[in-house]
Amino acid sequence: MNEKEKKEYLHKFDNQLHLLGRITAAISVILMVATPLVIAQMYGVSISGSGFLNGFLKVGVIYIPVAIVEFLVYAPMLGTGGSYLSFLTGNVTNLKIPCAMNARDIAKTTQGTVEDEIVSTLSVATSALVTMVILFLGVLLLVPLTPILQNPVLEPAFNNVVPALFGALGCKYFAKSWKLTAIPLLSMILLCVLVPAMIDQTSILLLPAGGMALAIGFFMYKKGIL
Amino acid sequence: MNEYLSQVNAPSLYFIVGGVLLFIAIMCVVFIVKSYRAGIAIGMDPKVLKRAITSSATFTVLPSISILLGVVALSGSLGVPISWLRLSVVGALQYELNVAEIAATAMGLTGLKVTEMSVSVFVTVVMVMTVGILGGVLCCIFGLKAYLGKVKGKKKNAPEAAEKADDANGDRSEAKAGGEEQEKKKPGFGAYATVAMFIGLCSAYIGSYVGTFARRDNFMPLMTALISALVMAVFEYFTVKKGKAWLDNFSVATSMLVGMIAAVVVNLL
């Protein structure tokens, strides 16, 4: 294959990946959105429109900007095939990116080349498949344990799954910058202690707390103390 | 057995979720086959391609076991099938739990508590979780081709500049010096923005647990959070101070599970 033929082949290959990626990602989105609708139909219940809108607005404010930033930052690192697969199968920063980087290091490809992009796609697709297989095997093992997991004795565990998550994450992130943590954390504690009605409004509290941390972070960044 | 839990663990839900995941698995296989063939066609060494596949498979095993622990943590409130689906596609444990909690409170519950959940709340929560995370996928569907085209167009100029430097100096010293200069540059605020946002997020929740303890005499959420934080601190010690980076794969899920077990034990006392 001479250089010209190679170039044409790669152009065609890239277009094919985009077409395949768009079609399969669109079908996957439809399947994912259809899942709760089918479950609702099965049990004769309906999705609450107001509940959905209310929840989505609160989630969207935080996660839509994050999704756009992640797309802009990570897509060039992952290339065509790697991007479609990574954004669809998730765990982008904690698994897919490091996995693709590791595969590139091992394959010794140069960043930005077609070889690099092919290795990234192979890596991300393999990683997604392995995760699916391991979760499938794990779920097979979990099924017989379901009655145990539903035992009322374990209720406190699952009622406190969110505190368990934010305790762990809190330790990880607070430790990254206590200077940045102090004001948002103390304000939220004071607010919840002085205005008990706010205790159940964490989804609302996220906005001022996040905004405050971002504003303080930006100020500290500009002053060079972060 | 709790009626809600048996509904969200019904066999039919496993089939629905299995069908969705099968489609995505086939998609991955198609991408592997296409990329492998393209690699061979442009003259890449098959050994290199196979090594990329095997190294990625082995690299993924440990983090996947940690994701599986996340399925266990999530399954008590959302059932096994949906936890399996949600952690196999798009999101990650942190996102799923946070969004499920936000959606549950938006539906009028005091939180993602299995004792308050019903199937109608469940389907709404799952819909919010699904739609809320689609931003990245939608960006790919509608904007990836144009965006990567632009990025690649810009990148084309960089190697040309480096080549010119080669021609002039016989090596890439100038280009390298430029790269090093860039590396020394202070990272943009974007690098700190995610940390700041997570600090805000955690502050809101920890604040509410302190409030629950101080004003409602319920110490369980705060105690669970503290135990999880303590376990996480141990993980951080080994990963950051002792260089055991691989342990980081298990830090969040294990810390959570220990915190949750502590909640059960304290409740039994």
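**Close-ups of a predicted two-chain model**

**View 1. No disulfides turn up here.** Over all chains the count is zero disulfides, a disulfide being a pair of cysteine sulfur atoms within 2.5 Å. Keep in mind that this is a predicted model, where local features need pLDDT of at least 70, side-chain atom pairs count only at pLDDT 80 or more, and totals for chains, interfaces and linings use all residues. Side-chain values use heavy atoms, with hydrogens and water left out, residues are numbered from 1 along each chain as its sequence is written, and chains are lettered from A and ligands numbered from 1 in the order in which they are written.

**View 2. Two cysteines without a partner: C99(A) and C202(B).** For C99(A), the closest cysteine sulfur sits in C28(B), and at 12 Å that is too far for a bond. C202(B) is in no disulfide either; its nearest cysteine sulfur belongs to C171(A), 10 Å away. C99(A) is buried at a relative accessible area of 0%, and C202(B) is also buried, with 0% relative accessibility. (Buried means under 20% relative accessible area, exposed over 50%, partly exposed in between, with a 1.4 Å probe and protein chains only.)

**View 3. Where chain B meets chain A.** Chain B puts 148 residues into the contact and chain A puts in 144, with contact meaning heavy atoms within 4.5 Å. About 13600 Å² is buried between the two chains, 79% of it from carbon and sulfur atoms; that area is the accessible area (1.4 Å probe) lost on putting the two parts together, summed over both.

**View 4. The one salt bridge across the interface.** K172(A) and E236(B) make this link through their side chains, at 3.5 Å from N to O. The rule asks for a side-chain nitrogen of Lys or Arg within 4 Å of a carboxyl oxygen of Asp or Glu. On the chain B side, helix 9 (residues 190-216) brings the largest share of what touches chain A, 23 residues. Helices here are DSSP runs (H or I, at least four residues), numbered from the N terminus.

**View 5. N91(A), in a loop of chain A.** This loop runs between helix 2 (49-89) and helix 3 (92-107) of chain A. N91(A) counts as buried, at 6% relative accessibility. Leaving aside residues up to four places away in sequence, N91(A) touches K96(A) in its own chain, plus I67(B), L87(B), V90(B), G91(B) and A92(B).

Definitions and conventions
Helix = DSSP H or I, 4+ residues; strand = E, 2+ residues; numbered from the N terminus.
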